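The following exercises introduce a protein chain to a reader who has not met it before. Each task is followed by a solution that proceeds step by step.

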Amino acid sequence: PIFALKWNRKGNYILSAGVDKTTIIWDASTGQCTQQFAFHTAPALDVDWQTNTSFASCSTDQCIHVCKLGSDKPIKTFTGHTNEVNAIKWDPQGVLLASCSDDMTLKIWSMKQDTCVHDLQAHSKEIYTIKWSPTGPGTSNPNLSLILASASFDSTVRLWEVERGVCLYTLTKHTEPVYSVAFSPDGKYLASGSFDKCVHIWSTQTGNLIHSYKGTGGIFEVCWNSRGDKVGASASDGSVFVLDLRK
């Protein structure tokens, strides 16, 4: 299986991560393999572009590699997680890299140092996914501070202020593992989806619950439309539904 697939911003390359332990940059116009990277010793679980030609990858092998097109070895390797690394995401400026793991920690890395900038320990079970807010320098919402959201099998979502490495809010309405989180385009709201069949909409400014919806199956993915007035969700029973937040 292929665990992750990402377009670069320019749209000329597609990046994939697979159970075969490799990551591949594909030429989007021809479908040909441009370069294969075989640095992990176990399945590659996630990838994220930093620039149009460089990216990070994470794996069951507990390592994170930063790779560049044309380079035959990683330009940086981050070690420190003690269990498989489930997801990685660059911040909007491509400066800080966040990672989350089955070791229950969330770590923030910088290309300027080998050890993590922050080691955030608060969740009591595996952290499945993370998302950066579309706020702060280099975004369309520069006056709001940058926030990182983490979703865990402990049924909670946490919002972090990364500069200081502190947890701002713990969002505790879900009763089952949380598989997906997504920020609204203006960064003021967060949608979360859980195996408890619920989609919750939260205020990122106060941590308050704004809306709740119950679907017909466990929620695996939530996303916003570009206007920020609708949330789409997909569920384990094969259903996809769209929530209109204006109603």
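**Exercise 1.** Does His65 count as buried or exposed, and why? Determine also which residues surround His65.

*Solution.* The model is a predicted one.

Step 1. Locate the residue: His65 belongs to strand β7, which spans residues 64-68.

Step 2. Apply the cut-off: a residue is buried when its relative accessible area is under 20%. His65 counts as buried because its relative accessibility is 8%.

Step 3. List the polar partners. The side chains of His65 and Thr77 form a polar contact of 2.9 Å. The His65 side chain also reaches the backbone oxygen of Phe39, at 3.5 Å.

Step 4. Complete the surroundings. Apart from neighbours within four places in sequence, the contacts of His65 are Phe39, His40, Phe55, Ala56, Ser57, Pro74, Lys76 and Thr77. Both polar partners, Phe39 and Thr77, therefore appear in this list.

**Exercise 2.** Assign Ser203 and Ile210 to their strands, and state how each is classed by accessibility.

*Solution.*

Step 1. Ser203 lies in strand β19 (residues 198-203), and Ile210 is part of strand β20 (residues 209-214).

Step 2. With a relative accessibility of 8%, Ser203 counts as buried. Ile210, at 40%, counts as partly exposed, a class that runs between the buried limit of 20% and the exposed limit of 50%.

Step 3. Examine the contacts, leaving aside residues within four places in sequence. Ser203 touches Lys188, Tyr189, Asn208 and Ile210, while Ile210 touches Tyr189, Ile201, Trp202 and Ser203. Tyr189 is thus named in both lists.

Step 4. Add the polar contact: the side chains of Ser203 and Thr206 are joined at 3.2 Å.

**Exercise 3.** Describe the protein chain as a whole: how many helices and strands does it have, and what is its radius of gyration?

*Solution.*

Step 1. The chain has zero helices and 23 strands.

Step 2. Its radius of gyration is 18 Å, close to the 18 Å given by the globule rule for 247 residues, so the chain is as compact as a globular protein of that length.

Step 3. Along the principal axes, the C-alpha atoms fill a box of roughly 50 × 40 × 35 Å.

Step 4. Buried residues account for 51% of the 247 residues. Among contacts with a separation of 6 or more, 39% link residues 24 or more positions apart.

Step 5. Finally, the chain has 22 positive and 23 negative charges, whose mean positions are 6 Å apart.

Terms used. Residues numbered from 1 in each chain as written. Predicted model: local features only at pLDDT ≥ 70, side-chain atom pairs only at ≥ 80, totals over all residues. Heavy atoms only, no water. Helix = DSSP H or I, 4+ residues; strand = E, 2+ residues; numbered from the N terminus. Rg over C-alpha atoms; globule rule 2.2 N^0.38 Å. Buried < 20%, exposed > 50% of the residue type's maximum accessible area, 1.4 Å probe, protein only. Contact = heavy atoms within 4.5 Å. Lys, Arg positive; Asp, Glu negative; His and termini not counted. Charge placed at Lys NZ, Arg CZ, Asp CG, Glu CD. Polar contact = N/O pair within 3.5 Å; in protein donor to acceptor, adjacent residues only side chain to side chain.
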